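Dear colleague,

Here is the structure I said I would pass on. My notes on it follow below the display.

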Amino acid sequence: MIVRRATPKDTDRINDLLFQVAGVHSDGRPDIFKSGSKKYTDEELLAIISDDSTPIFVAEDENGYVCGYAFCIYEITEGSNLLCDMKTLYIDDLCVDESVRGKHIGTLLYDHVVREAKENGAYRITLNVWSFNTPAMRFYEKRGLSPLKTVMEQIL
């Protein structure tokens, strides 16, 4: 298994995984997420792949099959009156194909993202996890992440 930057030839497989993630979200919060959809259009996905500030990393097996991905975004805070200057690598989405979960592919992807962040001078890694997604929360806690803030809601 290798982790590498995504290329345009990976879009079909990434789209398959985007639908899997969208299904987790629409199953968990059907009042927020549309069923049968995905986060990005094909055009948006190609633009993300080509932008160095939004790297996508894919885990590829020995047969060239993409088993997972990590969408990342570099965020730079500079010159704020309130916030310290810093570079953050935000994980926008991390997915391992449901057919190969439990084989440490998520850990491989996450560890790659950590190396990428360190090599590029990031101070920290951040991400969001929906509270209904307890397996993801446990995964990230095992990697050493802890809550930064809490978003609360009241349904009216």
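**Arg138 and helix H4**

Arg138 has a relative accessibility of 48%, so this residue counts as partly exposed; the cut-off for exposed is over 50%. Please keep in mind that this is a predicted model. Arg138 sits in helix H4, which covers residues 134-142. Glu78 lies 60 residues from Arg138 along the chain, and the C-alpha atoms of the two are 32 Å apart.

**The chain as a whole**

The protein chain contains four helices and five strands. Their order along the sequence is β-α-α-β-β-β-α-β-α. A compact globule of 156 residues would have a radius of gyration near 15 Å, and the 16 Å of the protein chain therefore agrees with that. The C-alpha trace spans about 50 × 45 × 35 Å along its principal axes.

Of the 156 residues, 41% are buried. Among contacts with a separation of 6 or more, 59% are between residues 24 or more positions apart. The protein chain has an accessible surface of about 9900 Å², and carbon and sulfur atoms account for 52% of this surface.

**Helix H1**

Helix H1 runs over residues 11-28. Its 18 residues should span 26 Å at 1.5 Å a residue, and because its end C-alpha atoms are 25 Å apart, the helix agrees with that expectation. The buried residues of H1 include Ile14, Leu17, Leu18, Val21 and Ala22. Some polar side chains are on the list too: Thr11, Arg13, Asn15, Gln20, His25 and Ser26 are buried in H1.

What covers these buried residues? The cover includes helix H2 (42-50) and three strands, S2 (56-60), S3 (66-77) and S4 (86-96).

**Strands S2, S3 and S4**

The strands that help to cover H1 also pair with one another, as follows. S2 and S3 run antiparallel and are joined by five bridges. One of the paired positions is Ala59, whose bridge partner in S3 is Gly68. The hairpin of S2 and S3 has five residues between the strands, and there Gly64 takes a positive phi near 85 degrees.

On to the next pair: S3 and S4 are also antiparallel, with ten bridges between them. Here Phe71 stands opposite Asp93 in S4. S3 thus has a place in both pairings, with S2 and with S4.

Regards

Methods:
Residues numbered from 1 in each chain as written. Predicted model: local features only at pLDDT ≥ 70, side-chain atom pairs only at ≥ 80, totals over all residues. Heavy atoms only, no water. Helix = DSSP H or I, 4+ residues; strand = E, 2+ residues; numbered from the N terminus. Buried < 20%, exposed > 50% of the residue type's maximum accessible area, 1.4 Å probe, protein only. Expected span 1.5 Å × (residues − 1). Contact = heavy atoms within 4.5 Å. Pairing = 2+ DSSP bridges. Rg over C-alpha atoms; globule rule 2.2 N^0.38 Å. Areas by Shrake-Rupley, 256 points an atom, 1.4 Å probe, with all protein chains shown as cover.
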